[in-house]
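These are my notebook entries on one protein chain. I set down what I looked up, in the order in which I looked.

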Amino acid sequence: MKLTILGGGGFRVPLVYGALLTDRAEGRVAEVVLHDLDDSRLYAVAKVLEEQAAGVPDAPKVTATTDLDEALRGADFVFSAIRVGGLEGRAHDERVALAEGVLGQETVGAGGIAYGLRTVPVAVDIARRVARLAPDAWVINFTNPAGLVTEAMSRHLGDRVIGICDSPVGLGRRIARVLGADPKEAWIDYVGLNHLGWVRGLRVAGRDELPRLLADPDLLGSFEEGKLFGVDWLQSLGAIPNEYLHYYYFNREAVRAYQQAEKTRGAFLADQQARFYEEMKRPDAAALTIWDRTRAEREATYMAENRETAGAGERDADDLSGGYEKVALALMRAIARDERTTLILNVRNQGTLSVLDTDAVIEVPCLVDANGAHPVAVAPLPEHATGLVCAVKGVEREVLAAAESGSRTTAVKAFALHPLVDSVNVARRLVEGYTDVHPGLAYLK
C-alpha cells in the first residue's frame, strides 16, 4: 500500500513512520510519500526516518516531493497533518487573542477560529484533489482544528475522510490504568466534538468501572485529569472531561496564565523547532537522537500553563508517549485488511447525537471495518454538555460559511458566537488583528 503524508516535513512524522516499522503483516504500507511545501523540512525529516529504518528489514520505502498532485496519485491512504501558516502563525493566533483578553489556543476559542479560517480553504482544495486524483483513497485527518477540518473535507469526500486525535486515546488509557484495567479490554463511553468531549463510562467485562473511580477521591486525584480539574469538580460532573475542557471550565485562570507566561506555546514550539531544523542541516547531525531529545522536551511541556494553574505538577512518564500514530495505524489496518476494531474517531454524525444534523462531524467510538468507520449509538449528553456542543458546532458552521463565501461579516459572527469570546466588539477587533498578521486571511472581504 501507498501512504501519502501531507505535512511530511512536520516534526511528528517520525511517530507515524515508527509505527509503520512495527507492522510486519501482509498488506502493510510499503511506500511512504512525504509532501511538504518546504524542501528543507522534508530533508530533515527524511534523515530521521532513514535512521529509524536502519536495520529494519523491508522498511517502507520513503520518497519526498513538493508537488501535491504527484504525492496524491495512486495513494491508498492520505494522512493530512498540515499546518497552514506554520508555528509562527500559531504564535500570532495566541498573541492577537491574548491582547484582547481571550484565549488564543490553537483549537479552542479565538485561536482555533483563526486557525480554522485559514486552514479550511487549503483543506478543501486538498479534498477536491484527492477526489480527482485518488478517488479510492481514504483520508485520515489530523490537521487541526480536527473536527472542523474533517467536516470541511467530508463535504467533498463523504465518509472517506476520518478525523483522528490522540486526546481521547490518552484519556481512556489513563482512566483504565488507574482502575487497574487493560485499556485494550475496556469499552470507553466517550462522546462530544474534537477537544470537547467527556468519558461517561468505562466498561470492563460488561461492568461500568467509572462510578468506582468517581467515588474514590484518592484514586480520582491520582491521574492527569483529576489533578487538572480537581476531584470535587469531576465528582460534580459525574464524568471525566477531555483535558481541553479546562479552557472552558477554568477560562479566566487559563487566560491569565498564558498572559503571564514568558512565551506562548506557539512561540515556544516555533523557537524549539527552528533549532531542530537548523541542527538537522549539519551533515554529521545524529538525526534520530536530536529528534528524540526535542520530542521529549515538547511532550513534557504540553499544557504546562494549565497544569501550573491547577497545581497538577509534571506530566507522568506514561503520558509522554503520544498515541495518534497508533490510532492512525489501527485505522489503516482495519480498513485495508478488514480487521474489525473500535476506535474513537471524528466522523459524520449520521443520527448518533439527535441534537445535531446528520452531516455534523462528532467524536465518538466507531466500529471500523473495510467499509470505513461507523459511529456507535450513544446515550444523549446531559444538558450542560449539549449546550456547549451545540454552541461550538454552531461556531464551526459559521467558520465554514465564512471560508466558503469570503465574508468578513460571517467571520466576525463566528468569533462573536463562541462561548469564550465575550463581546461582539472583541470579535470585530479579533478579525482586524488576525487579518493584519495572516496573509492567508486576505480572502475575507
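**Entry 1: leucine 345.** I began with leucine 345 and located this residue in strand 11, which covers residues 341–348. The model I am reading is a predicted one. I then asked whether leucine 345 is buried or exposed. Leucine 345 has a relative accessible area of 0%, so I recorded this residue as buried. Leaving out residues up to four places away in sequence, I listed what leucine 345 touches, including Ile162, Gly163, Ile164, Val327 and Leu331. Further on in the chain, leucine 345 also touches Ile362, Glu363, Val364, Cys366, Val368 and Ala373. For one of these partners I looked up the separation: valine 327 is 18 residues from leucine 345 in sequence, and their C-alpha atoms are 8.9 Å apart.

**Entry 2: glutamine 273.** I turned next to glutamine 273, which lies in helix 14, residues 265–279. Its relative accessible area is 5%, so glutamine 273 counts as buried, the cut-off being under 20%. Setting aside neighbours within four places in sequence, I found glutamine 273 in contact with Phe11, Leu87 and Arg298.

**Entry 3: the cysteines.** How many disulfides are there in the count? I noted zero. Why is cysteine 165 without a bond to cysteine 366? The closest cysteine sulfur to that of cysteine 165 belongs to cysteine 366 and is 13 Å away, which is too far for a bond; a disulfide needs the two sulfur atoms within 2.5 Å. Cysteine 390 is likewise in no disulfide, and its nearest cysteine sulfur, also that of cysteine 366, is 19 Å away. I also looked up the burial of these residues: cysteine 165 is buried at a relative accessible area of 5%, whereas cysteine 390 is partly exposed at 30%.

**Entry 4: the whole chain.** I recorded 20 helices and 13 strands in the protein chain. The radius of gyration is 21 Å, close to the 22 Å that the globule rule gives for 445 residues, so the chain is as compact as a globular protein of that length. Along the principal axes, the C-alpha atoms fill a box of roughly 55 × 50 × 45 Å. Of the 445 residues, 59% count as buried. Among contacts between residues at least 6 apart in sequence, 71% join residues at least 24 apart.

**Entry 5: surface and charge.** The protein chain exposes about 17800 Å², and carbon and sulfur atoms supply 50% of that area. I noted 50 positive and 63 negative side chains, with the centres of the two sets 2 Å apart.

Methods: Residues numbered from 1 in each chain as written. Predicted model: local features only at pLDDT ≥ 70, side-chain atom pairs only at ≥ 80, totals over all residues. Heavy atoms only, no water. Helix = DSSP H or I, 4+ residues; strand = E, 2+ residues; numbered from the N terminus. Buried < 20%, exposed > 50% of the residue type's maximum accessible area, 1.4 Å probe, protein only. Contact = heavy atoms within 4.5 Å. Rg over C-alpha atoms; globule rule 2.2 N^0.38 Å. Areas by Shrake-Rupley, 256 points an atom, 1.4 Å probe, with all protein chains shown as cover. Lys, Arg positive; Asp, Glu negative; His and termini not counted. Charge placed at Lys NZ, Arg CZ, Asp CG, Glu CD.
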